[in-house]
Amino acid sequence: MSLQARTAAADVVIVGAGIMGAMCAYELASRGLSILVIDNGTGGATGAGMGHLVVMDDNPAELALSRYSIALWNTLRKRLPEACAYRNCGTLWLAANDEECGLAEAKQARLVEYGAQSEWISASALRQLEPMLRPDLAGALKVFDDGILYAPATARWLLHQQDGRITVQEGDVTRVEGNRLCLSEGGWLTAPAILLANGLGAFRLLPDVPLRPKKGHLLITDRYPACINHQLVELGYAASAHADDGTSVAFNVQPRPTGQLLIGSSRQFDTLDKRVEFDVLGRMLMRAQDYLPGLGELNAIRGWTGFRVATPDGLPLLGQHPDQPGLWLALGHEGLGVTTASGSARLIAAQLLGEAPPFDPAPFRTERFVGVASHTPGAAA
Amino acid sequence: MKNHKTLSCDIAIVGAGPAGLAAARAASVSQRSIAVIDDNPLPGGQIWRDGPQVSQLAMAKDYRRVLSLPTVRYLPGTRIVASLAAGALLLEDAQTSYRLDYEQLILCCGAQELLLPFPGWTLPGVTGAGALQALIKSGASVAGERVLIAGSGPLLLASAATARAAGALVSGVYEQTDRYQLINFGVGLLRWPGKLAQAFKLFSTRYRWRSHVIEAMGDRRLEAVRIRQGDAEAVIACDRLACGFGLVPNTVLAQHLGCSLEDNAVAVDRYQQTSQTGIYAAGECTGVGGSELALVEGEVAGLAATGKVEQAQALFTHRAYWQRFARHVKEHFGLRPEIRRLARVDTLICRCEDVALSVLAEEQGWNAAKLQSRCGMGACQGRICGSIARELFGWSLPEPRVPLVPARIETLMACSEKDMS
Ligand SMILES: Cc1cc2nc3c(=O)[nH]c(=O)nc-3n(C[C@H](O)[C@H](O)[C@H](O)COP(=O)(O)OP(=O)(O)OC[C@H]3O[C@@H](n4cnc5c(N)ncnc54)[C@H](O)[C@@H]3O)c2cc1C
Ligand SMILES: Cc1cc2nc3c(=O)[nH]c(=O)nc-3n(C[C@H](O)[C@H](O)[C@H](O)COP(=O)(O)OP(=O)(O)OC[C@H]3O[C@@H](n4cnc5c(N)ncnc54)[C@H](O)[C@@H]3O)c2cc1C
């Protein structure tokens with residue numbers, strides 16, 4: 001089937017060549033559609049993030065989306081070239097005390113429901129698995145299917161698949177209206193469907209959509225091979241990640257295949273200042289040292305920041321704009337967009353082509369926050 | 001934090017080479033408190049680099065005296081990790097981290113060698129031309145070794161002289177520029193008689209023009225070098241190759257502080273002030289020009305920063321004299337186009353991350369290259385491959401990231417609110 005109209009630039013034009021745009025292009029092109037991806041080269045969260053593929057379970061919708069997404073990554077991962085640096089390292093959710101052991105137990109129960117394999121690691125077993133961790137931790141929940149990925153290389157790889165049906169073009173999109181978009185040079189483009197997957201750039205194109213930037217800091221060390229073996233996250237992470245306001249830090253460390261440690265994480269609202277803030281970075285590192293007492297001695301070689309894009313309820317907007325037929329959105333993936341790119345892209349493709357959705361699409365409906373109806377009191381979810 | 005200290009001074013000077021020492025000396029007259037920070041363990045910068053195999057010039061000793069004045073705090077072996085806020089730097093040495101608060105800042109960060117890739121340039125035994133000098137000054141033995149010097153610029157002769165004095169057998173000095181340029185350069189030196197005398201002293205019969213390295217060869221270590229001389233090629237057996245293509249200003253700290261660049265050097269006004277008020281720059285970070293220019297620029301900066309405007313103005317003519325010399329050198333040692341084409345597809349450009357030319361050649365610019373190939377993401381932070389990419393592809397220099405140099409995580413932790421107050 002081809003949706004292509006005679007004057008159309010492609011069957012679908014996607015704005016944004018980050019992991020979300022790339023995955024949507026890959027998914028739609030796999031169904032035979034021709035795809036034009038436009039990116040202005042400024043880059044976004046895909047180049048700044050951590051690339052932890054992780055099942056998150058703060059609410060059933062997030063769990064369904066992330067679990068489904070991980071399963072898709074697991075079918076794709078065998079094909080990914082080494083540049084994508086995929087590793088099935090698993091996640092260790094660290095419990096510092098009895099209370100957090102309780103959290104781990106509850107988490108395990110929720111994961112089982114969605115078919116995500118996990119195992120309780122006792123305190124002594126944890127000391128063997130990860131000797132760099134402080135010795136008095138109560139234990140950890142190991143989630144097996146989680147992994148890590150170098151997202152920028154993966155996005156590029158995805159855009160080169162599907163037998164030439166994906167074209168990537170440099171261009172700055174300055175306006176969107178339904179199924180038309182305006183380029184800063186070169187006038188208007190029309191297509192049967194236009195998909196916005198341009199992350200932070202959506203602020204400019206759709207000022208009415210309530211998206212908020214959440215700044216994060218990351219720091220990478222020099223190479224210290226055989227330091228840690230799993231992505232290590234404190235069980236209190238979720239509480240920090242979803243705190244509504246203020247600045248928070250949590251322990252989240254990733255072993256890079258190079259032997260470097262990638263250290264996170266921090267969250268700050270409503271700033272677009274790219275600079276590293278030393279008070280926040282310092283707090284984040286102190287938190288990390290709390291779990292990895294030897295960390296202070298290691299050399300850091302680079303720190304940077306990135307912006308997650310968050311909706312008011314923390315779930316992405318996936319679907320057609322309620323008031324603008326032909327305009328589709330894949331926005332607001334907060335700190336989980338590399339993981340959920342695969343599932344989100346599949347849901348978008350299903351909706352666009354009228355296939356049965358792979359999971360319940362209701363929690364991700366754009367009508368929650370987009371369009372005239374969402375602005376009338378009491379209408380939003 | 002146990003090993004963290006807070007310091008403060010009126011004037012902070014980065015670099016204890018000729019420019020930094022001259023700036024400190026000029027500023028010290030005003031009885032202001034001064035801090036001199038240098039990442040080398042010993043003072044003197046590149047040209048007056050101290051070490052076991054060095055006997056210093058009287059002038060160098062004289063300039064160094066400023067470091068022992070009671071108003072001057074000298075921090076050797078100290079690296080600048082980041083600017084914390086306007087007027088505050090984060091530093092670390094082997095044991096301690098510091099927050100240094102300052103009123104005015106003088107950047108005297110010098111230059112680094114321009115290394116350009118050719119097949120085999122990463123073999124052990126191959127270094128820069130200035131780097132060989134530094135090695136020898138810090139005590140490495142080259143006695144009896146066959147050394148070949150190549151690249152471009154006056155530094156080649158200085159490097160050959162140092163190697164010879166240390167007992168090396170210098171089999172040749174290969175300069176890429178042509179004879180016509182060299183003759184003009186020599187004739188032009190009549191305007192700077194001191195430099196002409198220096199050139200005579202350093203000149204060697206083994207000097208060859210219009211010649212360059214094609215390839216360094218060897219199994220695990222350098223064994224021979226293939227040289228092109230005019231239209232002929234030759235393979236010369238040797239133990240060391242010292243190859244540098246001139247100098248490039250060190251602008252990383254200035255860029256990090258928001259100072260504008262011009263022609264790849266820190267842009268300054270007549271008083272050596274950068275585009276940022278209260279931040280001055282002097283010496284080779286503002287443009288390569290030799291130690292004489294560095295000294296007078298340093299002096300102007302030290303005077304201007306302490307409000308001695310007229311005394312600074314009195315030095316402008318002398319400075320212009322050495323600025324003309326700098327231009328004279330630059331005009332005659334421009335790189336011939338083939339020098340930028342020595343690397344083969346499999347030659348490494350980024351040594352930290354093992355990125356080959358073929359991988360970079362496909363990218364549009366530094367940011368994409370970095371993201372896709374990890375070029376410049378290693379411990380050197382793109383200092384070397386960034387300059388190479390600028391020469392080879394015309395890409396702009398990478399934006400500096402913090403920490404500016406590898407730094408202990410403990411040092412970065414010392415900056416959290418709790419501890420700073
Ligand atoms: C610090 C940090 C850590 C993170 N860690 C993780 C993690 O561990 N696991 C995980 O799953 N997720 C993580 N994330 C989140 C994840 O990185 C993002 O959700 C994801 O990368 C978003 O991808 P995207 O393609 O939607 O947006 P982006 O990557 O931002 O891409 C948007 C693209 O659109 C282009 N663009 C923008 N505007 C325009 C325009 N007007 N015209 C043309 N092009 C335009 C930009 O150039 C850019 O390439 C993290 C994010 C941050 C900031
Ligand atoms: C490798 C090399 C060898 C050279 N050999 C000769 C020679 O033999 N003869 C000759 O006439 N000229 C030589 N030169 C040229 C020489 O550098 C200049 O003539 C002169 O030294 C310039 O003085 P300066 O003060 O500007 O810089 P420099 O002498 O380079 O001094 C700069 C100092 O600042 C320090 N520094 C820079 N950035 C930082 C930072 N962020 N934090 C802390 N410290 C910092 C450096 O380590 C250095 O000690 C050489 C240059 C180089 C690069």
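**A note on ligand 1 and the salt bridges**

1. An oxygen atom of ligand 1 sits 3.1 Å from a polar backbone atom of G337(A). That is a good place to start looking, with one thing to keep in mind: this is a predicted model.

2. Two further contacts of ligand 1 are worth finding on screen. In the side chain of T46(A), an N or O atom is 2.5 Å from an oxygen atom of the ligand. At T339(A) it is a backbone N or O atom that comes into play, at 2.8 Å from a ligand oxygen. Of the 1000 Å² of accessible area that ligand 1 has on its own, the protein covers 95%.

3. Stepping back to the whole shell, 37 residues surround ligand 1, and D39(A), G43(A), T46(A), H52(A) and T339(A) are the closest. The shell divides into 20 polar, 12 nonpolar and 5 charged residues. Among the elements of chain A that each supply at least two shell residues are α1 (19-29), β2 (35-39) and α10 (337-353).

4. Where does ligand 1 lie with respect to domain 1 and domain 2 of chain A? Both domain 1 (5-48 + 151-209 + 313-368) and domain 2 (88-146 + 212-310) give residues to the shell, so the ligand lies between them.

5. Now for the charged pairs. Side chains of opposite charge can pair when their charged atoms come close. Over all chains, the count is 40 salt bridges.

6. In chain A, please look at K107(A) and D57(A), whose side chains form a salt bridge with an N to O distance of 2.9 Å. This pair links distant parts of the chain, 50 residues apart: K107(A) belongs to helix α4 (residues 98-113), while D57(A) is in the loop between β3 (52-53) and α3 (60-76). Are these two partners buried or exposed? K107(A) is buried, at 5% relative accessible area, and D57(A) is buried too, at 6%.

7. Chain B has a salt bridge between R79(B) and E92(B), with the closest N and O atoms 3.1 Å apart. R79(B) is in strand β4 (residues 79-85) and E92(B) in strand β5 (residues 88-92), so the pair ties together parts 13 residues apart in sequence. R79(B) is partly exposed, at 27% relative accessibility, whereas E92(B) is buried, at 1%.

8. Another chain B pair is E391(B) with R340(B), at 2.9 Å between the closest N and O atoms. Helix α13 (residues 383-393) holds E391(B), and R340(B) is in the loop between α10 (316-332) and β20 (348-350), 51 residues apart. R340(B) is partly exposed, at 31% relative accessibility.

9. Finally, do visit the salt-bridge network that links E215(B), R226(B), R228(B), E233(B) and R344(B).

Notes
Residues are numbered from 1 along each chain as its sequence is written. Chains are lettered from A and ligands numbered from 1 in the order in which they are written. This is a predicted model: local features need pLDDT of at least 70, side-chain atom pairs count only at pLDDT 80 or more; totals for chains, interfaces and linings use all residues. Side-chain values use heavy atoms; hydrogens and water are left out. A residue is near a molecule or strand if one of its heavy atoms lies within 4 Å of it. A polar contact is a pair of N or O atoms within 3.5 Å; within protein, one must be able to donate a hydrogen and the other to accept it, and residues adjacent in sequence count only if both atoms are side-chain atoms. Accessible areas come from the Shrake-Rupley method with a 1.4 Å probe; for residues, only the protein chains shown count as cover. Helices (H or I, at least four residues) and strands (E, at least two) are DSSP runs, numbered from the N terminus. Ala, Val, Leu, Ile, Met, Phe, Trp, Tyr, Cys and Pro count as nonpolar, Asp, Glu, Lys and Arg as charged, and the others, Gly among them, as polar. Domain bounds come from an automatic or database domain assignment. A salt bridge is a side-chain nitrogen of Lys or Arg within 4 Å of a carboxyl oxygen of Asp or Glu. Buried means under 20% relative accessible area, exposed over 50%, partly exposed in between (1.4 Å probe, protein chains only).
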